[in-house]
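Please examine the sequence and the three-dimensional model shown below. The report that follows treats a pocket, two loop residues and a strand.

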Amino acid sequence: QVNLVESGGGSVQAGGSLRLSCLVSEDSPNTRWLTWFRQAPGKEREGVATIHYHGNTKYSDSVKGRFTISHDITKNTLYLQMNNLTPEDTAMYYCAAKDGGPMYVALNEGGYKIWGRGTQVTVSS
């Protein structure tokens, strides 16, 4: 069983930075993918960044080069470093976990059964 709790959201000005954290309170050898999703008002939920326990990472085109996903195993914590934020990044951010699957679908929400409750990120112009 894996439990996920997000933190680190807040309000920032455009061009600012935030670091989101997701505490993985209970780890499992079956968990292979840890992924950040986001959902803005009126839009569908989208995968932002994902990391495999073996180290593979993938980013959505909208955040590539600005966001960095990492996993600190010693702290049981998933991070999302967000730089050069814009108002389009405003959304509720969630972390999620799943057991397996290929890289090309890792950013799709299908198959993710364990979710955190989210942390709000608001970027003003």
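The largest pocket is lined by Arg38, Gln39, Ala40, Lys43, Glu44, Glu46, Ser62, Arg66, Glu88, Asp89, Thr90 and Ala91. Here a pocket is an open set of points on a 1 Å grid over the protein atoms alone, where a 1.4 Å probe fits, with protein on both sides within 12 Å along at least five of seven lines; lining residues have an atom within 4 Å of a point. The space in this largest pocket is about 160 Å³. Its lining comprises seven charged, three polar and two nonpolar residues.

This is a predicted model, in which local features need pLDDT of at least 70 and side-chain atom pairs count only at pLDDT 80 or more, while totals for chains, interfaces and linings use all residues. Residues are numbered from 1 along each chain as its sequence is written, and side-chain values use heavy atoms, without hydrogens and water.

Two asparagines have a positive phi although neither is a glycine. Strands are DSSP runs (E, at least two residues), numbered from the N terminus.

| Residue | Phi | Loop between | Relative accessibility |
|---|---|---|---|
| Asparagine 76 | about 50° | strand 7 (67-72) and strand 8 (77-82) | 33%, partly exposed |
| Asparagine 84 | about 50° | strand 8 and strand 9 (91-98) | 46%, partly exposed |

Buried means under 20% relative accessible area, exposed over 50%, and partly exposed in between (1.4 Å probe, protein chains only).

In strand 1 (residues 4-7) the side chains alternate: Leu4 and Glu6 point to one face and are buried, whereas Val5 and Ser7 point to the other and are not. Strand 1 runs antiparallel to strand 3 (residues 18-24), joined to it by four bridges. Within this pairing, leucine 4 stands opposite valine 24 of strand 3.

Methods: Points joined across faces, edges and corners; volume = space filled by probe spheres on them. Nonpolar A, V, L, I, M, F, W, Y, C, P; charged D, E, K, R; others polar. Pairing = 2+ DSSP bridges.
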